[in-house]
Amino acid sequence: MSTTIPAYHPVSAPDYLPRKQMRELQTARLKRMVERAYTVELYRNRMNEKGVTPADIQSIDDISKLPFTMKNDLRDTYPYGLFASPMNEIVRLHASSGTTGKPIVVAYTKEDLDVWDEVVARALVGYGVTEKDIVQVAYGYGLFTGGLGLHGGASRLGCTVVPISGGNTERQIMLMRDFNVTCCGCTPSYFVHIIDKALQMGVNMRDLPIKFGAFGAEPWSEEVRAYIEEQAGIKAFNIYGLSEICGPGVGAECCFQDGMHIFEDHFYPEIIDPATGEVLPDGTEGELVLSTLSKDAMPMLRYRTRDITTIDVEPCKCGRTIRRIRPIRRRSDDMLIIRGVNVFPSQIETGILRVDGASPHFQIVLETGADGLDRIEVKVEATPDALDDTVASVEQFKKSIAQSISQIIGLSVKITLVQPYTIARSEGKMNRVVDNRKK
Ligand code: DLL
């Protein structure tokens, strides 16, 4: 599909604000947010420890005076300790399960839900989605923010929403075809699974009217984007967000697919050095820190996302003035340290998909060898074609994948081809690492 700049839509007006006006808006909103946060014990104590009061925040630049907030702060105040609105004003709770113990809980007032709908609608407008589109929401509904988040934004735009949630993949494909769905939202790994299933069912996704994908909730590579776009004949757009800030819609790509615009009238981005907490200049890679500028129920001041990216200040060809972040390929906490080398699962994905004919279904298994050194095995599903090939060509294929990965991570890996459809599929976020190393 060629890139055409979507028609202007009033919901996106803040995306085009002149920078000076944006900073004034951010300053006014931050001042209000800090006043509100100061009513919450944890924020008040933290600010007092740093010797900062709301009166010290006079401009958006003063944001760096404020303390950081971490995921543990949400756990420690579970469930309602960070709420800045009385319960009777809170109309929705979501939660994110995390890896251990109690979930983190997030809250929204009616106005907060309104902002959330607005930013997701702005994301969709940026892709070129209009009220004429039929949007299949295959993100999970429930406490996860994906389903209801995309649902709210698509409804705000006036789209026809198909709230199917995740799972039951054959039914997803049947409805996609029968309902003439033009846009689908789910994790990129689930959409890859949908593509596979459609093939098995004899459905060519390219023959369906679907044109747009709103994919996020997990890192994905340009190679996966190319695979999806080629296989399904759609444009695959990135959407970013996290429960602590609102859910999907903190940022999203526009029609140029060149970084995600942050809806910075509501969410203020900074980049810090994850080791020292020092704020880094725009254009430098580091950890993304986000502050909410309008969230009433649960203000977040300088939340450390652990997501690694760069803020891009170059004006975008689409004309939006809001800044962009580069796609998030990794989190500071999904880094594997293998024989002392830092490796991210997304690098392995890129290595695999650079080899023609390799399937995007893989699993990384880490073991400790008899010599005490870490071993990396990457299980890659063979495509049905690959299995028909001669032993020599299968060996060559494995070697190509191993070399492609080694070139990126600088370590040798063992490739095992496994039967098609034997690596577990995920309807939501995919976990690709099995770490069996002796600790
Ligand atoms: O994943 C919200 C969401 C739903 C975003 C649907 C996009 C689409 P959490 O479950 O709290 O919320 O997980 C947030 O997921 O800190 C990132 O590490 C990762 N993440 C989200 N979107 C992207 C993306 C939702 N587009 C965490 N690219 C974040 C890379 C992403 N990682």
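In this predicted model, 20 residues surround the ligand, and N238, I239, S243, D307 and K429 come nearest. By class, nine members of this shell are nonpolar, six are polar and five are charged.

Start with the polar contacts. K429 puts a polar side-chain atom 2.8 Å from an oxygen atom of the ligand. R331 also faces a ligand oxygen, with a polar side-chain atom at 3.0 Å. A217 uses its backbone instead: a polar backbone atom there sits 3.0 Å from a nitrogen atom of the ligand. How much of the ligand does the protein bury? Taken alone, the ligand exposes 610 Å², and the protein buries 94% of that.

Next, the elements behind the shell. Two of them, α5 (145-157) and β7 (235-242), give two or more residues each. The largest share comes from β7, which supplies five residues.

Now turn to T187. This residue is found in the loop between β5 (183-186) and α7 (188-200). Is T187 buried or exposed? Its relative accessibility is 2%, so T187 counts as buried; the cut-off for buried is under 20%.

Which residues does T187 touch, leaving aside those up to four places away in sequence? One group is F215, G216, A217 and E218. Another is E427, G428 and K429, and Y139 completes the list. Two of these names have come up already. A217 has the backbone atom 3.0 Å from the ligand nitrogen, and K429 has the side-chain atom 2.8 Å from a ligand oxygen. T187 thus touches both A217 and K429.

Methods
Residues numbered from 1 in each chain as written. Predicted model: local features only at pLDDT ≥ 70, side-chain atom pairs only at ≥ 80, totals over all residues. Heavy atoms only, no water. Near = heavy atom within 4 Å. Polar contact = N/O pair within 3.5 Å; in protein donor to acceptor, adjacent residues only side chain to side chain. Areas by Shrake-Rupley, 256 points an atom, 1.4 Å probe, with all protein chains shown as cover. Helix = DSSP H or I, 4+ residues; strand = E, 2+ residues; numbered from the N terminus. Nonpolar A, V, L, I, M, F, W, Y, C, P; charged D, E, K, R; others polar. Buried < 20%, exposed > 50% of the residue type's maximum accessible area, 1.4 Å probe, protein only. Contact = heavy atoms within 4.5 Å.
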